[in-house]
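Student: I am new to this structure. Please take me closely through one part of it, the place where two helices meet.

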Amino acid sequence: MDEFRQFLKEYKWRVIGIASGILLTVLIFTIGFWRTLLLIAITALSYFVGCMLDKSGKEGLEEFFSRLFRKN
């Protein structure tokens with residue numbers, strides 16, 4: 001078990017890359033390219049909003065969207 005943990009520690013990003021490649025391939029073959037692309041976009045947007053909430057709370061998120069959608 002310790003050898004496996006050492007392997008994961010040493011090759012962490014390779015393992016993550018291969019796992020995400022396999023997941024992406026399975027998604028494309030099962031639900032199609034465009035749905036997979038939409039799923040990735042929604043997940044990335046959700047991650048971005050979550051990071052903003054973690055960093056500056058609800059007020060920071062409201063400020064970001066008010067700056068994004070204000071009229072010049």
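Tutor: Start with two helices of this predicted model. Helix α2 covers residues 12-31, and helix α3 covers residues 33-68. Their axes come within 7 Å and cross at roughly 130°. Angles over 145 degrees would count as roughly antiparallel, and 65 to 115 as roughly perpendicular. The crossing therefore makes α2 oblique to α3.

Now look at who touches whom. From α2, the contact uses L24, L27, I28 and I31. From α3, it uses F33, R35, T36, L39 and I40. Sort these residues by character, and 7 are nonpolar, 1 is polar and 1 is charged.

Next, turn to the surface. A nonpolar patch of about 750 Å² lies there. Its makers are L24, I28, F29, F33, W34, L37 and I40. Both α2 and α3 give two or more residues to this patch. The most come from α3, with 4 residues. Take L24 as an example. This residue sits in helix α2. L24 belongs to the contact with α3, and L24 also helps make the nonpolar patch.

Finish further along α3, with charge. Side chains of opposite charge can pair when their charged atoms come close. Here R67 forms a salt bridge with E63. The closest N and O atoms of this pair are 3.8 Å apart. Both residues lie in helix α3, 4 residues apart, which is about one turn of the helix. A search of the whole structure finds 1 salt bridge.

Conventions:
Residues numbered from 1 in each chain as written. Predicted model: local features only at pLDDT ≥ 70, side-chain atom pairs only at ≥ 80, totals over all residues. Heavy atoms only, no water. Axes fitted to C-alpha atoms, helices over the stretch in contact; angles between N-to-C directions. Parallel < 35°, antiparallel > 145°, perpendicular 65-115°, else oblique. Contact = heavy atoms within 4.5 Å. Nonpolar A, V, L, I, M, F, W, Y, C, P; charged D, E, K, R; others polar. Patch = residues over 30% accessible without salt bridge, like charges linked within 9 Å, V, L, I, M, F, W, Y side chains within 5 Å. Areas by Shrake-Rupley, 256 points an atom, 1.4 Å probe, with all protein chains shown as cover. Salt bridge = Lys/Arg side-chain N within 4 Å of Asp/Glu carboxyl O.
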